[in-house]
Amino acid sequence: MINVLCFAHMKDIFGGEKLTINSGGIATVEDVLEYLKATYDADISGIMTAVNEEFAEESTPVGQGDTVALIPPVSGG
């Protein structure tokens with residue numbers, strides 16, 4: 001299983017702060033994002049990601065028990 005943490009409006013898109021997805025067939029952050037797009041029909045373009053509390057690229061490997069955080073762009077001043 002892979003844990004997914006949702007921040008800001010990502011909570012609204014995915015119905016909560018935490019998700020757990022089956023890790024079968026998922027090897028990278030990109031795979032996690034594609035799974036979420038397909039499952040929730042969500043536009044999550046432009047978000048930053050982290051794996052186990054470290055910023056991650058889409059090519060970053062993801063394994064059993066890892067936590068992927070979805071961090072949307074923020075604005076402010």
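**Helix H2 and its surroundings**

In this predicted model, the buried residues of helix H2 are covered by elements that include strand S1 (2–6), helix H1, strand S2 (18–21), strand S3 (48–51), strand S4 (54–56) and strand S5 (67–71). The buried residues in question are Val29, Val32, Leu33 and Leu36. They lie on the same side of H2, because the arc that they cover around the axis is only 95 degrees.

The length of H2 was also examined. For its 12 residues, a rise of 1.5 Å a residue gives an expected span of 16 Å, and the end C-alpha atoms are 16 Å apart, so the two values agree. Just after H2, aspartate 41 adopts a positive phi of about 50 degrees.

A further link between H2 and H1 is provided by aromatic side chains. A pair of aromatic rings is described by the distance of the centres and the angle of the planes. The structure contains 1 aromatic pair. It is formed by phenylalanine 14 and tyrosine 40, whose ring centres are 4.9 Å apart; the planes stand at 90 degrees, and the pair is therefore edge-to-face, since an angle over 60 degrees counts as such. Distant parts of the chain are linked in this way: phenylalanine 14 belongs to helix H1 (residues 10–14) and tyrosine 40 to helix H2 (residues 29–40), 26 residues apart. Phenylalanine 14 has a relative accessibility of 5% and therefore counts as buried, whereas tyrosine 40, with a relative accessible area of 34%, is partly exposed.

Strand S3, one of the elements that cover the buried residues of H2, was considered through two of its residues. Threonine 49 is located in this strand. Its relative accessibility is 5%, so threonine 49 counts as buried. Apart from neighbours within four places in sequence, threonine 49 is in contact with Val29, Leu33, Glu54, Phe55, Ala56, Ala69 and Leu70. Of these, Val29 and Leu33 are among the buried residues of H2.

Valine 51 is likewise located in strand S3. With a relative accessible area of 9%, valine 51 is buried, as this value is under 20%. When residues up to four places away in sequence are not counted, valine 51 touches Val29, Ala56, Thr60, Pro61, Val62, Asp66, Thr67 and Val68. Val29 thus appears among the contacts of valine 51 and also among those of threonine 49. The C-alpha atoms of valine 51 and asparagine 3 are separated by 9.8 Å, although these residues are 48 residues apart along the chain.

How values were computed: Residues numbered from 1 in each chain as written. Predicted model: local features only at pLDDT ≥ 70, side-chain atom pairs only at ≥ 80, totals over all residues. Heavy atoms only, no water. Phe/Tyr/Trp six-rings, centres within 6.5 Å; stacked < 30°, edge-to-face > 60°. Helix = DSSP H or I, 4+ residues; strand = E, 2+ residues; numbered from the N terminus. Buried < 20%, exposed > 50% of the residue type's maximum accessible area, 1.4 Å probe, protein only. Expected span 1.5 Å × (residues − 1). Arc of directions from axis to C-beta. Contact = heavy atoms within 4.5 Å.
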